[in-house]
Amino acid sequence: MREALITGASSGIGAVFARKLAQRGYDLVLVARRRERLEALTRELEEKHSIGAEALAADLARDDDLARVEERIRSAGTLELLVNNAGFGTRGWFHEADLEPHDRMHRLHVLATLRLTHAAVQGMTARGRGGIVNVSSVAGFVQTPGSTSYVATKAWMISFTEGLHLELKATGSPVKVQALCPGFTYSEFHDVVGMDRKRIPQAWWMKAEEVVDASLRGLEGGKLTVVPGWRYRLLVLLLGLLPRALLHAGSIKYAARYRGQGAE
Ligand SMILES: NC(=O)c1ccc[n+]([C@@H]2O[C@H](COP(=O)([O-])OP(=O)(O)OC[C@H]3O[C@@H](n4cnc5c(N)ncnc54)[C@H](OP(=O)(O)O)[C@@H]3O)[C@@H](O)[C@H]2O)c1
């Protein structure tokens, strides 16, 4: 049986990863803080798809909980797919904010991704198979005021994944890694951050199912960076072409208008 571990599986994109991978016959280890949500999902997927599913409640911003999840990966030695998806956003200017959510965000987006990837990739390279999806964001391609830590940590995820990809290719490993970079996606993310979805035109919203389908298609083809949706692919292309000074002028104007109310 193939085994996948998904962080942030209690809602949104992570829960959709769980459903899609269960349909494909993966045994699952689902990680998040809300145990009841995880247990309800594991029960549902075990019954529906005759797979094994484990609810592993953990706060990945805490050292002790993170160590338990690392240990789960290392000791089983069977993981075929790791999805580092747990994440959240913040609002407001960094220079006015409490440090705590920013510290927690770096622990979750950066340190948990680093440590869980390390726990998984060594076994995967030894076994000569496996894949890792790091859920970043289109926000990771350019800095925007009001989301400084979010963008910085998502940019780190893109860069880290790219570096790992190059190392795996250079050593001839078949293990695949992917930076998944969604744009605005319906999930609980914007409720948690307290952002009004109506601020963003409907055409820019995607379903979590579309995002996960694009990721799994990309993984089959060994694609390093997956940006779901043609609008976002075009946006990323333009962001790479436009002069930084022009982008900065635009984002300062936008941020001043919304008083640093956050990105996706
Ligand atoms: N929605 C978007 O527009 C969008 C766009 C680009 C990228 N993303 C990225 O997609 C990923 C998934 O977000 P989503 O949109 O699906 O939002 P979501 O519905 O709010 O899901 C976030 C998940 O992360 C988990 N989580 C948060 N803090 C955690 C912690 N300390 N330890 C363990 N788990 C934690 C949450 O579970 P618990 O609360 O139960 O712990 C939840 O399962 C995030 O990394 C986000 O940055 C989202």
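Helices in this account are DSSP runs of H or I, at least four residues long, numbered from the N terminus. With that in hand, the tour can begin just after helix α5, where Gly172 takes a positive phi of about 70°. The model is a predicted one.

Helix α5 itself covers residues 148-170 and lies on the path of the chain from strand β5 to strand β6. Its length fits expectation: at 1.5 Å a residue, the 23 residues of α5 should span 33 Å, and the end C-alpha atoms are indeed 33 Å apart. The buried residues of α5 are Ser149, Tyr150, Thr153, Lys154, Met157, Thr161, Leu164 and His165. These buried residues pack against α4 (100-127) as well as against β5 and β6.

Strand β6, made of residues 176-180, is a good place to pause. It is mostly covered, with 5 of its 5 residues buried. Cover is found on both faces of β6: on one side Lys176, Gln178 and Leu180 are buried, and on the other Val177 and Ala179 are buried too.

The strand also has partners. β6 pairs with strand β5 (residues 131-135) in the parallel sense, over 5 bridges. Within this pairing, Asn134 has Ala179 of β6 as its bridge partner. The chain travels from β5 through α5 to β6, and this β-α-β crossover is right-handed. β6 pairs in the parallel sense with strand β7 (residues 225-226) as well, here over 2 bridges. Ala179 appears again in this second pairing, with Thr225 of β7 as its bridge partner.

Attention now turns to the ligand. There are 30 residues around it, and Gly8, Gly12, Arg33, Gly87 and Ser187 come nearest. Two elements, α1 (12-23) and α6 (189-193), give two or more residues to this shell. Helix α1 gives the most, with 3 residues. Sorted by class, the shell around the ligand holds 13 nonpolar, 11 polar and 6 charged residues.

One last stop is a backbone detail elsewhere in the chain. Ser50 has a positive phi of about 50°, although it is not a glycine. This residue sits in the loop between α2 (35-49) and β3 (53-57). Is Ser50 buried or exposed? A residue counts as exposed if 12 or fewer other C-beta atoms lie within 10 Å of its own. Ser50 has 9 other C-beta atoms within 10 Å, so it is exposed.

Terms used: Residues are numbered from 1 along each chain as its sequence is written. This is a predicted model: local features need pLDDT of at least 70, side-chain atom pairs count only at pLDDT 80 or more; totals for chains, interfaces and linings use all residues. A residue is buried if 20 or more other C-beta atoms lie within 10 Å of its own, exposed if 12 or fewer, and partly exposed in between; C-beta atoms are placed from the backbone. Two strands pair if DSSP finds at least two bridges between them. A crossover is right-handed if, with the strands pointing away from the viewer, the path from the first strand over the helix to the second runs clockwise. A residue is near a molecule or strand if its C-beta atom, placed from the backbone, lies within 6 Å of it. Ala, Val, Leu, Ile, Met, Phe, Trp, Tyr, Cys and Pro count as nonpolar, Asp, Glu, Lys and Arg as charged, and the others, Gly among them, as polar. The expected span of a helix is 1.5 Å times one less than its number of residues. Two residues are in contact if their C-beta atoms, placed from the backbone, lie within 7 Å.
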